[in-house]
Amino acid sequence: MSLPGDPRPEGPAHDPPEGPADDAPTPQGPAHDAPTPQGPADDARTPQGPAYDLPAPAGPAAAPPPEGPAYDLPAPQVVRDREWHRQSPKMLVIHPFRVLWSMAVPIVIAFIGINQSDGTWSVRLLPVLVIGALALGLIPWFTTHYRFTETQLQVRKGLINKSETTAPLDRVRSVDLESPPLHRVLGLARAKIGTGVDESRVELDGLAQDDAAQLREYLLLRGAGGRAGTVTGAAGQSPGSMPGAPGLPAGPGGEQPAGEQPAGEQPAGGRFDPGQPGSAGLAQEEVLAEIDWSWLRFAPFSLSSLVIVATALGVLFQFGDDFGILSQDRVEGTYEWLLAQAILALVLGGLLVLLVGWLLVSTANYVLQWWNLRLVREPGGTIRLTRGLLTTTSTTVEEARIRGVQLTEPLLLRAVGGGELTSLATGVGSGGTTKLLPPCPRRVAESVGHSVLGTGERLLDPTGDTPHDPGTGGDDRLDGPLTVSVRSHGPAAHRRLLVQSLWPTLFLTAGVAGLTWWLSWDWWIVAAVAVGAGLVNLGLAQLAYRNLGHQLTSEHIVSRSGALQRQRVVLERAGVIGWVVRQSFFQRRRGLADLLATTAAGPEVVTVSDIPLPWALALARQVNPTVVDQFRSAGEEP
Amino acid sequence: MSTTTGDPALRDPARKVSSRAIGYWTTTALIWEGILVAGLSVVYFVVLPERWWWATAILVLAVVGAIVEVLIVPRFKYAVHRWEVTDSAIYTRSGWLNVEQRIAPLSRVQTVDSEQGAIQRMFRLASITVTTASAAGAIEINCLDQDEARRVVADLTEITSRDEGDAT
């Protein structure tokens, strides 16, 4: 792979282009973990010892930290040769398919239309259409070029409207790979390369799968190298934040503990056997989660594939119309009774079909999406998710960009003890959230969430400078942010939620009363609606209150909310980039407020609603003491 | 209650906006409310054949609303809009019935914009918008004296450019 005279673009990569990511005075949560990708999984490393041993006898070079080999990855051929490249020739198969697929409907319509008017034409025209589509499909292959320069990836596209996109290599933050079925058959992959906050990504289609994998690894490490100084700087201050990090059982090669040495200071020399960069990368990855097919039992309880079933159902009903079984005029005469029974049977049968259909569709969807799920922490500080049965996808998020996670428990899933885990990250597009796990047991979601955050089962520090809530102290000291009990918002919030729930009841009742008066219905209907809606709404409010709460751990803010769908959002303290305190007129009367922690990650804001005002301010103060303290009321020094 | 930190309240930000803002808000309210009332009047006196009681009620409400908007609201706004910029943070407060307080550490500020509409220029006023990496985190200070706005923008730009990093 790499030659002795291998041009190494790493040089500039080690100059941190950015200073400290933030000057927030609080310790930066998972940032600690970023440069110590080995994480808590000491055991994952032991078998790989030999990988490190290989070069040891040859080069007595002082033991570099575990990242060493990672940064020394030789650049793949496509990167090194600095030439303009085309997509793989196999794309000449895929492009026309795409065009045909997207033009299928017009072609069929044209074909049928022509066929009806004049039979002979169609035979001649169809090949023309198809060939035209194929030719059209070839254009992208001829017009798309890409190349790597010393510092950039450049992609040129377009026949008439030419465009050139560039991506600075030192700023690469995410490289996602995707292989739809046709790509897989041909051994190809598509890469999407993201470089910054909220920017669109550069897409490289038609890479050979092996090249794509190498490129991904190289680009991510290169990008991480560009920022290494930043991240590692923060890491040094937190010894012991990671159970595994300081006491890494150094392999026979005798490495140093991870994260102790800024990557920028590493010798760039090739310590690693350049012949197997791939195995080097694999050697250190830590598996956070893999698919467990017993989770399949949760598939029917997640409603995310409901849309598909609803569509199928709509089609079914249309057939029902065609059969005319349900039409009114049949239900009369001597067969009336029989037909009524038939209809009953039909309805029950329909429900059964619906149920079975739902089970099948939701299970199939689960299998298709989550086949071969692997969530791993890679060297270089990235979290990588691979999954998919037909279309395989690989999503990589830089760990330092993961500012938090969210645990969602929809009603049905909660009833059977399941949950879904999502990460909140900055600059990954699509709302900044990435599903990390399928519906799975809540405990699994919690522990995987903790290991993604890098704070699993950590001891909260009740004596440190971030005193956590006295109400939940003591007993919960072994909790992580996803399991710690939340602090309820008290009677004022409870009353407010209950009173708020009366409004919809009131409007509904008024509406029904109006109708009753207008159409002179019986008045008991109004009473029934008022009582029924009132009870439902009060029940929902009660649920909402029970789910409402917040907590502050040594590194995270936790906010839980929701009535039917409960969600717990965990946001790294260092991820907070501002505060908003909102009080409506009614909230002020009750001494409550909505506290919004703004962030660049995920949905860009984490709301703690109806929290007593003093608690809100205490929370903000504990997260950003220096910033918030200066705006406190005078003379209130505790 | 929170016993660890006996901290019941944030104080108000130190500074008010320019007092000429009252004139500006009055003018804009006059224009918009004038258009609204004029439109309603045309409908009421010209289009409607009979003067239904509810139409009269709407018109009266609109006129009362307009008077409140023009004479009272600008003074309230001036009373409740406050702002402050320190070395480390920007802090604003707005709203009368629904109060909103916003704080952003300057280290997380991404852009500082100032803008001045035509009417604002007549009153020598300018507004500042400070954005962070969060869509929910933008902070506006409306209707500063334009010289002061220029100074604040310069200061903010100077302070925030000291911090490197991408402020996320």
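**Figure 1. Contacts of D12(B) in the predicted model.** Leaving aside neighbours within four places in sequence, D12(B) touches R82(B), E84(B), Y91(B) and R93(B). The model shown here is a predicted one. D12(B) sits in the segment before β1 of chain B. Its relative accessibility is 37%, so D12(B) counts as partly exposed. D12(B) and V80(B) are 68 residues apart in sequence, yet their C-alpha atoms are 9.2 Å apart in space.

**Figure 2. Helix α2 of chain B, from end to end.** This helix covers residues 53-80 and has 28 residues. What span should it have? At 1.5 Å a residue, 40 Å is expected. The end C-alpha atoms are 37 Å apart, which agrees. The helix has a kink of about 45 degrees at I72(B). The proline P74(B) follows shortly after the kink.

**Figure 3. The buried side of α2(B).** Which residues of α2(B) are buried? They are A55(B), L59(B), A62(B), A66(B), V70(B), P74(B), Y78(B) and V80(B). Residues three or four places apart in an α-helix point the same way, because there are 3.6 residues a turn. The buried residues of α2(B) pack against four elements of chain B: β1 (15-16), α1 (20-47), β2 (82-85) and β3 (89-94). P74(B), the proline that comes shortly after the kink, is among these buried residues. V80(B) is another of them, and its C-alpha atom is 9.2 Å from that of D12(B).

**Figure 4. A nonpolar surface patch with residues from chains A and B.** The patch measures about 1100 Å². Chain A supplies F585(A) and F586(A). From chain B come V60(B), V63(B), V64(B), I67(B), V68(B), L71(B), I72(B), F76(B), W96(B) and L97(B). Two elements give two or more residues each: α17 (585-590) of chain A and α2 of chain B. Which element gives the most? It is α2(B), with eight residues. I72(B), where α2(B) kinks, belongs to the patch. F585(A) is found in helix α17 of chain A. With a relative accessible area of 35%, F585(A) is partly exposed.

**Figure 5. Chain A as the setting for the next views.** Chain A contains 19 helices and 19 strands. It has 638 residues, and 48% of them are buried. Take the contacts in chain A between residues at least 6 apart in sequence: 63% of them join residues at least 24 apart. The accessible surface of chain A is about 29500 Å². Carbon and sulfur atoms account for 64% of that surface.

**Figure 6. The salt bridge between R98(A) and D205(A).** Side chains of opposite charge can pair when their charged atoms come close. Here the closest N and O atoms of R98(A) and D205(A) are 2.8 Å apart. This pair links distant parts of the chain, 107 residues apart. R98(A) lies in helix α6 (residues 91-117), and D205(A) lies in strand β6 (residues 202-208). Are the partners buried or exposed? R98(A) is partly exposed, at 34% relative accessible area. D205(A) is buried, at 7%.

**Figure 7. The salt bridge between E378(A) and R216(A), and a network.** The side chains of E378(A) and R216(A) meet at 2.3 Å, N to O. E378(A) is in strand β8 (residues 374-378) and R216(A) in helix α9 (residues 209-235). They are 162 residues apart, so this pair too links distant parts of the chain. Both partners are buried. Elsewhere, salt bridges that share partners join R98(A), E178(A), R190(A) and D205(A) into one network. Over all chains, the count comes to 25 salt bridges.

**Figure 8. The salt bridge between E164(A) and R156(A).** The closest N and O atoms of E164(A) and R156(A) are 2.7 Å apart. E164(A) is partly exposed, at 41% relative accessibility. R156(A) is partly exposed as well, at 39%.

**Figure 9. Positive phi values in two loops.** E604(A) has a phi near 70 degrees, a positive value in a residue other than glycine. Its loop runs between β18 (592-599) and β19 (605-612) of chain A. E604(A) is buried, with a relative accessible area of 13%. R124(B) has a positive phi too, near 55 degrees. The loop of R124(B) lies between α3 (118-122) and β6 (125-132) of chain B. R124(B) is partly exposed, at 44% relative accessible area.

Note on methods:
Residues numbered from 1 in each chain as written. Chains lettered and ligands numbered in written order. Predicted model: local features only at pLDDT ≥ 70, side-chain atom pairs only at ≥ 80, totals over all residues. Heavy atoms only, no water. Expected span 1.5 Å × (residues − 1). Bend = angle between axes of the 7 residues up to and from the residue. Buried < 20%, exposed > 50% of the residue type's maximum accessible area, 1.4 Å probe, protein only. Contact = heavy atoms within 4.5 Å. Patch = residues over 30% accessible without salt bridge, like charges linked within 9 Å, V, L, I, M, F, W, Y side chains within 5 Å. Areas by Shrake-Rupley, 256 points an atom, 1.4 Å probe, with all protein chains shown as cover. Salt bridge = Lys/Arg side-chain N within 4 Å of Asp/Glu carboxyl O.
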